[in-house]
Amino acid sequence: MLTGDYARLLPALERMQVDQFVLEYATPRAGDIEVVGRALSDRELGLGVVNPRTDTVEPVAAIVAKAEQALAFYRPDQLFLNTDCGFGCFASRSVNVEEIAFRKLCAIVEAARILRARYG
Amino acid sequence: MTEPKSFITTQVGSWPRSKTMLKSLRSYQKGTVSRQDFNLVAEDEIRRTVALQEQAGLDIVVDGEHRRESFYAFITDKVAGTQLMSLAEMLDFVEDKAEFEEMLRTMDMPASAVKNPTCIGKLSRREPLALEDLHFLRTLTKKPVKITLPGPYLLTRSMWVGALTRTAYNDPREMADDIVRILREELIDLRDAGCDFVQFDEPVLTEVVLSEECGRRTFM
């Protein structure tokens, strides 16, 4: 398993003609948002705020705090909130059960509601 | 309905598979259930997945990828020149077995779960990869929708199995040109059909970039 932040990927990412990078940040493996924020904030960021591989639902306050870290580099309209990976990555076993997946989505939506109230 | 313009919420792709869905998938793989019947089961799952996302209040909705064997192997249904192969079938042909296993680890997938879309001939779209998914999703929601597709690096790296692919292509880059063309055609079709968001999945990009840095072969 590769670990560490996205620094070594930046030369490849910078050359890509895409509107948004959808990146995992709900795992400690992803490192600090600053690495991507400094280099790629001319594009949107799909910020991974919940980990589909765990069965504990992330606290809304933790999701809000993560998004606020990204606000040091991104405008609110550039910042999307999403899951890290999908919830059912491959066929033979499901990564997570539906009820937990649903509650994780609800946590993301609640965090977005709080962030919009604070930052528009 | 006014759409939010900041902190837009969405999901990255697949939704947990229900027992019913997994059972139907296994039967379809064994050939005891037709693709049509399999799709009917998948459509019920997609309806529930979309309803749950709407209930949660998500801004951009996905279909949960229930029709897909996996997020990239499903293209063997859609692209000519491909064959779905189990890990056991592949190991006979893979030259660098350690590197293959490393890729599986990078993708966080257990070897037993993996079926690979192997390139065994010239690649071309037999049917659109995801256009039908978009049309069906549109019948279920008025919200903006996202379609996910496997990215060109992932596909090139997984589809090239030298002993089998060299019958059609001289090297991975030549095959990659056709993969990019196919993905580009699909992207344009999705755009023209009004898809709001297309996401390309590249879970092994790190591995591709680091392989180049280390002077190893970029592809399997």
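This short talk walks through chain A, its contact with chain B, and one strand pair within chain B.

Good morning. Please keep in mind throughout that what we are looking at is a predicted model.

I begin with chain A as a whole. Chain A is built from four helices and three strands. Read from the N terminus, its elements follow the order α-β-α-β-α-β-α. The radius of gyration of chain A is 14 Å, close to the 14 Å given by the globule rule for 120 residues, so chain A is as compact as a globular protein of that length. Along the principal axes, its C-alpha atoms occupy a box of roughly 35 × 35 × 20 Å. Of the 120 residues in chain A, 40% are buried. As for the contacts in chain A between residues at least 6 apart in sequence, 76% of them join residues at least 24 apart.

Let me turn to the sheet. How many strands form it, and in what order? There are four, arranged as 1(A)-2(A)-3(A)-1(B) in an open sheet with parallel pairing. Its edges are strand 1 of chain A, residues 20-23, and strand 1 of chain B, each of which pairs on one side only. At the chain A edge, strand 1 and strand 2 of chain A are joined in parallel by four bridges. Within strand 2 of chain A, the residue opposite A:Leu23 is A:Leu47. At the other edge, strand 3 of chain A runs parallel to strand 1 of chain B, with two bridges between them. There, A:Phe80 has B:Ile8 as its bridge partner. Helix 3 of chain A lies across strands 2 and 3 of chain A, and runs at about 155 degrees to strand 2 of chain A.

Next, helix 4 of chain A, residues 98-119. With 22 residues at 1.5 Å a residue, this helix should span 32 Å, and its end C-alpha atoms are 31 Å apart, which agrees. Its buried residues are A:Ala101, A:Phe102, A:Lys104, A:Leu105, A:Ala107, A:Ile108, A:Val109, A:Ala111, A:Ala112 and A:Leu115. What covers these buried residues? From chain A, the cover includes strand 2 (44-50), helix 3 (60-70) and strand 3 (79-83); from chain B, it includes strand 1 (8-9) and helix 2 (35-56). After helix 4 of chain A comes A:Gly120, with a positive phi near 75 degrees.

That brings me to the contact between the chains. Chain A contributes 40 residues to it and chain B contributes 34 residues. On the side of chain A that touches chain B, strand 3 and helix 4 of chain A each supply at least two residues. Which element of chain A gives the most to that side? Helix 4 does, with 11 residues. By class, the residues on this side of chain A comprise 26 nonpolar, eight polar and six charged.

I close with a strand pair inside chain B. Strand 4 of chain B, residues 146-150, pairs in the parallel sense with strand 5 of chain B over five bridges. In strand 5 of chain B, B:Phe200 is the residue opposite B:Leu149. Side chains alternate along strand 5 of chain B, residues 197-201. B:Phe197, B:Gln199 and B:Asp201 point to one face and are buried, whereas B:Val198 and B:Phe200 point to the other and are not buried.

Thank you for your attention.

Technical notes. Residues are numbered from 1 along each chain as its sequence is written. Chains are lettered from A and ligands numbered from 1 in the order in which they are written. This is a predicted model: local features need pLDDT of at least 70, side-chain atom pairs count only at pLDDT 80 or more; totals for chains, interfaces and linings use all residues. The expected span of a helix is 1.5 Å times one less than its number of residues. A residue is buried if 20 or more other C-beta atoms lie within 10 Å of its own, exposed if 12 or fewer, and partly exposed in between; C-beta atoms are placed from the backbone. Two residues are in contact if their C-beta atoms, placed from the backbone, lie within 7 Å. The radius of gyration is taken over C-alpha atoms; the globule rule is 2.2 Å times the number of residues to the power 0.38. Two strands pair if DSSP finds at least two bridges between them. Axes are lines fitted to C-alpha atoms, for helices over the stretch in contact, and angles run from 0 to 180 degrees between N-to-C directions. Ala, Val, Leu, Ile, Met, Phe, Trp, Tyr, Cys and Pro count as nonpolar, Asp, Glu, Lys and Arg as charged, and the others, Gly among them, as polar.
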